Amino acid sequence: MNPKETQLIINRVYNSALPEPGDLVKLLNLDYAASRSLFVFADQVRERFVGDEILIRGIVEVSNYCRNNCAYCGLNRGNLQLPRYRLSEAEIMECVGRIYETGIKTVVMQSGEDEGFDPRWLASLIKRIKHKYNLAITLSVGETSRENYRLWKFAGAERFLMKIETTDRDLYQSLHPGMSLQNRVRCLHNHDELGYQTGSGCMIGLPGQTPMTLASDLQFFKKMDFDMLGIGPFIPHPETPLGNIPAGNMETVYKMLALARIVSRRTHLPATTAVSTLSGREATRTALQVGANVVMINFTPEKYHHLYEIYPRRKGVSEWEELSDLENIAMELGRKVNYSKGDAIKNVKEYGFAVN
Ligand code: 5AD
């Protein structure tokens with residue numbers, strides 16, 4: 001494809017209500033040099049629709065118990081090597097307190113699908129956090145009933161994050177024994193209907209994934225109009241069935257970030273932890289230059305870091321080091337870290353002002 005043709009396709013994808021899979025596939029197949037124009041365009045769309053500021057979230061990994069057996073994830077229930085932990089309410093409040101002290105105004109509580117905690121316990125914890133710190137609360141605790149989602153929404157959680165991982169039905173089925181794509185989509189609709197700000201996303205580099213399946217992921221994102229999209233490379237974990245599969249290709253990750261930005265314009269796109277785990281600080285910087293506008297910082301107590309191993313992770317740095325490094329990256333890029341709640345842009349627009 002010549003540069004003119006590439007630009008034409010980028011424009012068509014940007015302007016269409018639902019981009020053609022064929023166009024998306026062509027862009028995903030661009031070679032290294034040609035993909036620069038895609039990245040430049042995505043960076044402009046990012047600036048125009050979500051601005052220059054980098055939003056920041058604090059994450060707490062609440063429990064590594066999981067009832068599922070996802071083929072890629074180190075927390076899968078078949079991993080008998082892994083000691084399991086569940087934070088106490090006091091420990092979680094301590095983490096949230098540290099988030100609050102840094103000035104960050106949103107906490108993401110993430111967990112395996114832990115059958116050992118009572119949904120009402122989580123609801124009361126949400127109320128406590130809201131009452132004491134008034135942070136925005138994002139839940140990332142997997143699939144459950146609409147009643148539970150409602151309970152937590154009424155308790156005060158305002159966002160829910162649940163990646164679709166892949167929209168390819170067969171691939172989804174083979175990676176998630178006992179689960180179904182249909183149920184996952186049902187959960188995502190529930191989040192939306194209950195009034196959560198919704199988040200989803202996918203992994204790049206799953207075995208059997210093709211540019212066509214990634215194109216269908218992007219179409220799904222567009223149709224569902226998510227407020228947030230987490231996109232990162234697959235990273236092999238030795239204690240899983242996919243332990244010998246190579247990690248996802250970073251160039252493809254950058255293209256998917258760029259396309260997600262172009263297709264879903266106003267969505268919040270994090271430079272994911274998987275990105276920095278696989279390729280370091282430079283990769284976080286690059287992600288922020290091809291469409292991303294959010295970074296998450298880990299506030300789980302250090303002694304649990306090695307146990308929340310969805311993929312092998314780097315030796316942990318403290319949240320203060322991570323934070324100061326992010327400030328440096330922002331400065332290098334001529335951007336700023338924004339410590340507000342960072343609501344979905346749709347909501348901000350609706351109210352006519354940023355709801356902090
Ligand atoms: N590599 C990369 N990402 C992974 N996740 C789980 N396992 C892996 C892995 N091996 C991601 C999934 C999940 C999120 C919590 O972590 O996308 O939604």
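**Notebook: ligand, cavities and a few single residues**

I began with the ligand and found one of its nitrogen atoms 2.8 Å from a polar backbone atom of Tyr 72; I take a polar contact as a pair of N or O atoms within 3.5 Å, where within protein one must be able to donate a hydrogen and the other to accept it, and residues adjacent in sequence count only if both atoms are side-chain atoms. I note that this is a predicted model, in which local features need pLDDT of at least 70 and side-chain atom pairs count only at pLDDT 80 or more, while totals for chains, interfaces and linings use all residues. Residues are numbered from 1 along each chain as its sequence is written, and side-chain values use heavy atoms, with hydrogens and water left out.

**Around the ligand**

I looked up two further atom pairs: a backbone N or O atom of Ile 235 lies 2.7 Å from a nitrogen atom of the ligand, and an N or O atom in the side chain of Lys 163 is 3.5 Å from a ligand oxygen atom. Taken alone the ligand exposes 400 Å², of which the protein buries 88% (areas by the Shrake-Rupley method with a 1.4 Å probe; for residues, only the protein chains shown count as cover). I then listed the residues around the ligand, among them Cys 73, Gln 110, Glu 165, Met 203 and Phe 234, a residue being near if one of its heavy atoms lies within 4 Å. By class, this shell has eight nonpolar, one polar and two charged residues, where Ala, Val, Leu, Ile, Met, Phe, Trp, Tyr, Cys and Pro count as nonpolar, Asp, Glu, Lys and Arg as charged, and the others, Gly among them, as polar.

**Cavities**

I searched the whole structure and noted two cavities of 30 Å³ or more. A cavity here is a set of points, on a 1 Å grid over the protein atoms alone, where a 1.4 Å probe fits but cannot get out, and lining residues have an atom within 4 Å of a point; the volume is the space filled by probe spheres set on the points, which are joined across faces, edges and corners.

The largest cavity has a volume of about 130 Å³ and is lined by 15 residues, with Arg 57, Thr 138, Arg 159, Gln 197 and Met 228 nearest its centre. Two or more lining residues come from each of β2 (106-111), β4 (159-161) and β5 (197-204) (strands are DSSP runs of E, at least two residues, and helices runs of H or I, at least four, numbered from the N terminus). I counted five nonpolar, seven polar and three charged residues in this lining.

The second largest cavity holds about 30 Å³ of space, and its lining is Val 62, Met 109, Ser 111, Phe 117, Trp 121, Leu 122 and Val 141. The elements giving two or more residues to that lining are β2 and α5 (119-133), and its classes are six nonpolar, one polar and no charged.

**Single residues**

I looked at Asp 114 in the loop between β2 and α5, which is buried at 9% relative accessible area (buried means under 20%, exposed over 50%, partly exposed in between, with a 1.4 Å probe and protein chains only). Its side chain makes a polar contact of 2.7 Å with the side chain of Ser 63, and another of 2.7 Å with that of Arg 86.

Most residues other than glycine have a negative phi. I noted Asn 134, in the loop between α5 and β3 (136-140), where phi is near 50°, and found this residue partly exposed at 45% relative accessibility.

How values were computed. On a 1 Å grid over the protein atoms alone, a cavity is a set of points where a 1.4 Å probe fits but cannot get out, and a pocket is an open set with protein on both sides within 12 Å along at least five of seven lines; lining residues have an atom within 4 Å of a point.
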